[in-house]
Amino acid sequence: VHGGAECWGFAVSTPLLRVKLYNFLASDYATCNPDNGLLENADWNTYRRRSVPGDCKCVPGYGGGFVFNGQNYFGSCNKDVCPPHSQCGVKITCDQGYQGAKNFTWDGENEKWVGECVP
C-alpha cells in the first residue's frame with residue numbers, strides 16, 4: 001500500500017481480543033501524547049512501524065510528511081490544496097459541469113496534484 005507510506009503501526013488489545021492497523025492519520029503529535037501522537041488507552045498496546053531517517057511520505061491527496069530522526073517522528077500529513085473546481089480524496093473528482101479528472105496524477109516528489117478540471 002503506497003510502499004508502506006500509509007502504515008503507521010498497529011495495536012493489540014488482549015482484553016478485547018482485537019488487533020487494529022493504523023495508517024498515517026492515526027497520530028496527532030500536536031494534540032495527543034507527544035511520544036506517539038495517540039490518546040492513551042490501558043486496553044491497547046501500540047507498536048509503531050520501524051523506519052529509517054527521512055522515511056514516510058503522505059499518500060495522494062495529502063501534503064506534508066513525517067521525518068523519522070532515529071527516535072521520534074516529526075511532521076504531519078494535511079489535506080493538500082485541492083485543484084480548482086474539484087473535490088479531493090485519494091482521487092480527484094471534478095465538480096458537476098467540469099471534466100478532466102481522468103488526467104490527474106499525483107506528483108509524490110512535490111506532494112501535489114497535476115492536472116485540472118475544465119468546463
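Let me start with Ile92, which, once its neighbours within four places in sequence are set aside, is in contact with Cys82, Pro83, Ser86, Gln87, Ala101, Phe104, Trp113 and Cys117. I should say at once that what we have here is a predicted model, and I will use Ile92 as the way into it. Ile92 belongs to the largest nonpolar core, a set of six residues that it makes up together with Cys94, Phe104, Trp106, Trp113 and Cys117. There is also a second, separate core, this one of five residues, and among its members are Trp8, Ala11, Tyr22 and Trp44. I will take the two cores in turn, after a word on the chain as a whole.

The protein chain has nine strands and zero helices, so that is simply β-β-β-β-β-β-β-β-β when one reads along the sequence. Of its 119 residues, 33% count as buried, and the accessible surface comes to about 8000 Å², with 52% of that belonging to carbon and sulfur atoms. If we look at contacts between residues at least 6 apart in sequence, 36% of them join residues at least 24 apart.Now back to the core around Ile92, and to the cysteines in it. How many disulfides does a search of the whole structure find? The search finds one, and it is formed by Cys94 and Cys117, whose sulfur atoms are 2.1 Å apart. The angle about the S-S bond in this link is -85°, and the link of Cys94 and Cys117 is left-handed. Cys94 lies in strand E7, residues 93-94, while Cys117 lies in the segment after strand E9, residues 112-114, so the pair ties together parts that are 23 residues apart in sequence. Both partners fall below the 20% cut-off for a buried residue, since Cys94 has a relative accessible area of 13% and Cys117 has one of 5%.

Ser86, one of the contacts of Ile92, lies in strand E6. Is Ser86 buried or exposed? At 9% relative accessibility, Ser86 counts as buried, and beyond its neighbours within four places in sequence it is in contact with Ile92, Thr93, Cys94, Asp95 and Cys117. That list includes both Cys94 and Cys117, the two residues that form the disulfide.

Cys82, another contact of Ile92, sits in the loop between strand E5, residues 73-79, and strand E6, residues 86-87. With 27% relative accessibility, Cys82 counts as partly exposed, and its contacts, again leaving aside neighbours within four places in sequence, are Gln87, Cys88 and Ile92. The C-alpha atom of Cys82 is separated by 7.7 Å from that of Trp113, a residue 31 places away along the chain.

In the loop between E5 and E6 we also find His85, and I would ask you to look at its backbone, where phi is near 65°, a positive value in a residue other than glycine. His85 counts as partly exposed, at 37% relative accessibility.

Let me turn to the second core, and to Ala11 in particular. Ala11 lies in strand E1 and is buried, with a relative accessible area of 0%. Which residues does Ala11 touch, not counting those up to four places away in sequence? They are Arg18, Val19, Lys20, Tyr22, Trp44, Asn45 and Thr46, a list that contains Tyr22 and Trp44, both of which are included in the second core. Asn45 is 34 residues from Ala11 along the chain, yet the C-alpha atoms of the two are separated by 5.4 Å.

Val19, which Ala11 touches, takes us out to the surface. Val19 has its place in strand E2, residues 18-23, and is exposed, with a relative accessible area of 59%. Together with Phe10, Leu21 and Tyr47, Val19 forms a nonpolar patch on the surface, and these residues have about 440 Å² of accessible area together.

Finally, the loop between strand E1, residues 7-13, and E2 holds Leu17, where phi is near 55°, which is again a positive value in a residue other than glycine. Leu17 counts as exposed, at 76% relative accessibility.

Methods. Residues are numbered from 1 along each chain as its sequence is written. This is a predicted model: local features need pLDDT of at least 70, side-chain atom pairs count only at pLDDT 80 or more; totals for chains, interfaces and linings use all residues. Side-chain values use heavy atoms; hydrogens and water are left out. Helices (H or I, at least four residues) and strands (E, at least two) are DSSP runs, numbered from the N terminus. Buried means under 20% relative accessible area, exposed over 50%, partly exposed in between (1.4 Å probe, protein chains only). Contact means heavy atoms within 4.5 Å. Accessible areas come from the Shrake-Rupley method with a 1.4 Å probe; for residues, only the protein chains shown count as cover. A nonpolar core is a set of buried Ala, Val, Leu, Ile, Met, Phe, Trp, Tyr and Cys residues joined through side-chain atoms within 4.5 Å. Patches are made of residues with over 30% relative accessible area and no salt bridge: like charges are joined within 9 Å, nonpolar side chains (Val, Leu, Ile, Met, Phe, Trp, Tyr) within 5 Å. A salt bridge is a side-chain nitrogen of Lys or Arg within 4 Å of a carboxyl oxygen of Asp or Glu. A disulfide is a pair of cysteine sulfur atoms within 2.5 Å.
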